[in-house]
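I opened this model to look up a few things for my notebook, and I set down below what I checked, in the order in which I checked it.

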Amino acid sequence: MNILSVENLSKSFGDKTLFNNITFSVAEKQRIGIIGVNGTGKSTLLKILAGIEPSDAGEIIKPKSYNIEYLAQNPEFEGNGTILDEIFYGDTPLIRLLKKYEEALIALQKDPLNERKQDTLFKLQQEMDAMNAWDANTQAKSILTKLGLDDHSQNVGQLSGGQKKRVAIARSLIQPADLLILDEPTNHLDIETIEWLEEYITRYPGAILLITHDRYFLDRVTNGIFELEQGNLYSYEGNYSTFLEAKAIREEIEAANEDKRQNLLRRELAWMRRGAKARTTKQKARIQRFEELQNKPGHRQKDDLDIAIGGSRLGKKVFEIENISKQYEHKTVIKNFSYIVQPFERIGIVGPNGSGKTSLLNLLTGKDIPDEGTIDVGQTVKIAYYTQENEEMNQEQRVIDYIKETAQIIKTIDGKEITASQMLERFLFSPAMQYTYIKKLSGGERRRLYLLKILMTEPNVIILDEPTNDLDIETLTILEDYLEEFPGVVLTVSHDRFFLDKTSDILFVFEGEGSIRIFYGSYSEYLDEEKQKQELLKKEEAKEKAQAVTTSEQSNKPKKLKLSYKEQKEWEGIEDKIMQLEEEISTIQQEIASSGSDFAKVQPLYEKEQSLTTELEQIMERWEELSELVEQIEKQNA
């Protein structure tokens, strides 16, 4: 059942048409990924659907009570509210109650003996019961915990960009919505959080529209793909893998149709050039058909340009890293790390946000120096460093002039020359776009242009810091192809599992407290190994727990009673021993009585009586113990 329908939607910026008369629908529980080159209007389309931007034409049809929740690519927060204010910003009764309850809980934690605050919390707990709000509260707490948002009273104005993105994600997931719109939700998230988000989205009760460059994420969460290309929208059923197959078939058909069009155009052109003496109605229709064929936009041909750029000669020495350490504000991010980078190595650098990955890149590029240890850089090393920061660009400069500042011609490995214009085309800047002013480019198009500029320097070492945060999938594919043929060293910091798998076979893994582990293999192989370790650890913990339970049960289980060999012999002779002692005591007592007042005779007899009496008491106590034990054994065996 369709819950949202879009008919003949159009949007342009100046002379640039993003999309023209596109029509589509979204059904319940659909998870649709939107794909397209940067600048084709993906984010603009989401903003129009969310009611943030107007369209030029077209209609969006949805029920009156239809709720849409929107996550921006770079979220901004108005004012200086707390995390709690932002995540529970909605005006539904449930959201208002959850916010009041959390505020009361925080207030009571600060002043636990305040009776008024205790009463307030108790009343809100009753309201939570009445509204069955505890499940929603538990879910909200789970989302916040998974996103690492523990201090809900923290001011959002004090948060980093990555932390703000997490707050915005939490807000979007907590708010009840029929359609959840997500623009690049995986940016600035570590792998563990991305995997949690994948799992959460698959269970989300509403429909989802999302933009992401993460191809593994797309493949695992979507059941439909919308592709924006040259102002058109193409719809595909299935996930990203299915889309790739279907798109290949579509492009083959389009290419065949384009060949037919070009053949027909050539025949019509030949007829036009012959010139007809008379212009009948039939001939005028043919002229009109020729003009339509001529003006019809052709299928964009994929350029098979060889981009295996030669680069500068790289010697045997690249980086020799010896026992380096680095600390920032009493936090050690790198500790006693050593490694010798070999020519042609492909190294991926992974770890949690803030663990020191970018710090390592800055040390290698000389932007920073280590507190301890040394980094010896080879004399032939020529570095191209793609950073997360946006480079300052002359907004009034044309695209092609910006690239030509670096190089007008570069050479491939086999000595062929490639012009700046050809490289721009390979990086998805058409001949028309090459003469566009930079100020008219989208943010993603500028990042693509910046990437091309650093590659045009013909480096022999490429260092990439989170390239997938800003580049579209098609650009990433081109970059991956380029790096595959690149005759030098590549070091990449990324959270994109697909990109890392294609561009690295050695990993530097930041494991906390400055420790860096070296792993030889792909990122997927590393994740598999870590999962196997976790599973093995869980099995060991389960085994230890089971053994502890068994031991406890065995210790608590009543033992089968029986007399030991020694106890049995003791029990068999104890009554005779008692009788013997009693007789001895009786004999001594008689001797004492017959001795009268002869103190010299009575004294040793009296001392012997006391000794025998003490021995008899001890043996009687032992008889009681054995007697009780024998009685229990008899009951047990009865």
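**Cavity**

I began with the largest cavity, whose lining I found to be made up of T186, N187, H188, L189, I194, H213, D214, E466, T468, N469, H495 and D496. I note at the outset that this is a predicted model. When I asked how many cavities of 30 Å³ or more there are, the count came to one, and the space in the largest cavity is about 60 Å³. Sorting the lining of the largest cavity by class, I get seven polar, three charged and two nonpolar residues. I also looked up which domains contribute to the lining, and found at least three residues from domain 1 (1–67 + 177–234) and at least three from domain 4 (319–521).

**Strand 8**

Next I turned to strand 8, which spans residues 224–229, and asked whether its residues are buried or exposed. Six of its six residues are buried, and I therefore enter the strand as mostly covered, buried being under 20% relative accessible area. In a regular strand the side chains alternate between the two faces of the sheet. Here I see G224, F226 and L228 pointing one way, while I225, E227 and E229 point the other way.

I then looked for the neighbours of strand 8 in the sheet. Strand 3 (residues 31–35) runs parallel to strand 8 and is joined to it by four bridges, with I34 standing opposite F226. Strand 9 (residues 232–237) runs antiparallel to strand 8, and six bridges join the two; among the residues of strand 9, L233 is the bridge partner of L228. Strand 8 and strand 9 form a hairpin with two residues between the strands, and there I noted that Q230 takes a positive phi near 50°.

**Salt bridges**

Which residue forms a salt bridge with E229? I found R250, with the closest N and O atoms 3.1 Å apart. This pair links distant parts of the chain, since E229 lies in strand 8 and R250 in helix 9 (residues 240–274), 21 residues apart. Both E229 and R250 are buried. I followed the contacts further and found that E227, E229, K247, R250 and E251 are linked in a network of salt bridges.

For the whole model, the count comes to 33 salt bridges, and I looked up two others in detail. One of them is R166 with D190, where the closest N and O atoms are 3.7 Å apart. The pair links distant parts of the chain: R166 sits in helix 6 (residues 161–174), whereas D190 sits in the loop between strand 6 (179–183) and helix 7 (191–202), 24 residues apart. R166 counts as buried because its relative accessibility is 11%, and D190 is buried too, with a relative accessible area of 16%.

The other is K317 with D376, whose side chains meet at 2.8 Å, N to O. These two are 59 residues apart in the chain, with K317 in the loop between helix 10 (281–295) and strand 10 (319–328), and D376 in strand 13 (residues 372–377). What is the relative accessible area of K317? I read 33% for K317, so I enter it as partly exposed. D376 is likewise partly exposed, with a relative accessible area of 33%.

Conventions: Residues are numbered from 1 along each chain as its sequence is written. This is a predicted model: local features need pLDDT of at least 70, side-chain atom pairs count only at pLDDT 80 or more; totals for chains, interfaces and linings use all residues. Side-chain values use heavy atoms; hydrogens and water are left out. Buried means under 20% relative accessible area, exposed over 50%, partly exposed in between (1.4 Å probe, protein chains only). Two strands pair if DSSP finds at least two bridges between them. On a 1 Å grid over the protein atoms alone, a cavity is a set of points where a 1.4 Å probe fits but cannot get out, and a pocket is an open set with protein on both sides within 12 Å along at least five of seven lines; lining residues have an atom within 4 Å of a point. Grid points are joined across faces, edges and corners, and a volume is the space filled by probe spheres set on the points. Ala, Val, Leu, Ile, Met, Phe, Trp, Tyr, Cys and Pro count as nonpolar, Asp, Glu, Lys and Arg as charged, and the others, Gly among them, as polar. Domain bounds come from an automatic or database domain assignment. A salt bridge is a side-chain nitrogen of Lys or Arg within 4 Å of a carboxyl oxygen of Asp or Glu.
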